[in-house]
Amino acid sequence: MTGAAGRPRLLLIGCGNMGGAMLAAWSEHALAESIVVVEPSKRTAPRFPAATFVTSADELPADFSPDIVVVAIKPQLFDDVLPGFRARIGDAAVLSVAAGKRIADHQRLLGDRPIIRVLPNTPVAIGQGAIGCFADSRADESLRARVASLLAPLGLVEWLPDEALADAVTALSGSGPAYVFLLIEALAQAGVAQGLPDELAMRLARQTIIGSAALAADNPDTPASQLRANVTSKGGVTAAALGVLMADGGIFDLYRDAFAANVARAKQLSG
């Protein structure tokens, strides 16, 4: 089920921000034997001369038979777009980044075939993503390995034991960049409140997050609590601030409540 040198033939349906990031990684690392991209606007075509761009299922090359179909369209387009591909993709496996769409939703439109849900976040665009994956029972170890190879250039890949955990992954890593960017804003605003100029406070806040994340990455076996303790002297200024942040109703409670709201909304949207 693969082409030359074990590289699969890929059909990418949708080439927006996420689809484009994936295509960039596959093109740079030569991870596919051939790639056909379905994108109505073709605006990204000049960036990827090695890929074949078409605007619809009707334009797929007659001699092209994909091994893996990557669904990277907006969820609101799901029911309108996917049925047109069912008769054109043979027994290809499906790798889907369509937010909120379950395995059963894919099977309803594309039939009984191996399907893997992929839950990425925006840092995949720079190869620093956190990616949760769930494979249905039809996806064997060989397919999982190929998918892991395809996703590896995009960041950390973690497999979920249960599809029911998908919403929790979205709440944590999928939406997580927004929480971090909000933290940058909050740090900067707190600095301004203490007299720092706006631009200086923002530069310091950004670099503090960047440096702290890099330090955590450089110490992967050190618990976050220990890294925090390393910055905190007993009775010192950091301890005084943490006493506020970690009090009842503080950051741990806020994040728990925020995640609960995220998951609850995800369940509403998925029906």
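In the predicted model, buried residues account for 37% of the 271 residues of the protein. The accessible surface amounts to about 15000 Å², of which carbon and sulfur atoms supply 58%. Along the principal axes, the C-alpha trace extends over about 70 × 35 × 35 Å. Of the contacts between residues at least 6 apart in sequence, 61% link residues at least 24 apart. The secondary structure comprises 10 helices and 8 strands.

The 8 strands are arranged as an open sheet with the order 3-2-1-4-5-6-7-8 and mixed pairing. Strand 3 (52–54) and strand 8 (155–159) form the edges, each pairing on one side only. On average, neighbouring strands of this sheet are turned by 20° against each other, direction ignored. At one end of the order, strand 7 (residues 129–135) and strand 8 run parallel and are joined by 5 bridges. C133 is placed opposite W159, a residue of strand 8.

Two of the helices that pack on the sheet are described here. Helix 1 touches strand 1 (9–13), strand 2 (34–38), strand 3, strand 4 (68–71) and strand 5 (93–96), and its direction makes about 165° with that of strand 2. Helix 5 (residues 166–174) also packs on the sheet, where strand 6 (115–119) and strand 7 are touched; the direction of helix 5 makes about 25° with that of strand 6.

Helix 1 spans residues 17–29 and includes H29. The relative accessibility of H29 is 42%; because this value lies between the limits of 20% for buried and 50% for exposed residues, H29 is classed as partly exposed. H29 is separated from S225 by 196 residues in sequence, and the C-alpha atoms of the two residues are 37 Å apart in space.

A nonpolar patch of about 460 Å² is present on the surface, made by L245, M246, I251, F252 and Y255. Helix 10 (residues 251–270) gives the most to this patch, contributing 3 residues. F252, one of the patch residues, is located in helix 10. With a relative accessibility of 57%, F252 exceeds the limit of 50% and therefore counts as exposed.

How values were computed:
Residues are numbered from 1 along each chain as its sequence is written. This is a predicted model: local features need pLDDT of at least 70, side-chain atom pairs count only at pLDDT 80 or more; totals for chains, interfaces and linings use all residues. Side-chain values use heavy atoms; hydrogens and water are left out. Helices (H or I, at least four residues) and strands (E, at least two) are DSSP runs, numbered from the N terminus. Buried means under 20% relative accessible area, exposed over 50%, partly exposed in between (1.4 Å probe, protein chains only). Patches are made of residues with over 30% relative accessible area and no salt bridge: like charges are joined within 9 Å, nonpolar side chains (Val, Leu, Ile, Met, Phe, Trp, Tyr) within 5 Å. Accessible areas come from the Shrake-Rupley method with a 1.4 Å probe; for residues, only the protein chains shown count as cover. A salt bridge is a side-chain nitrogen of Lys or Arg within 4 Å of a carboxyl oxygen of Asp or Glu. Two strands pair if DSSP finds at least two bridges between them. Axes are lines fitted to C-alpha atoms, for helices over the stretch in contact, and angles run from 0 to 180 degrees between N-to-C directions. Contact means heavy atoms within 4.5 Å.
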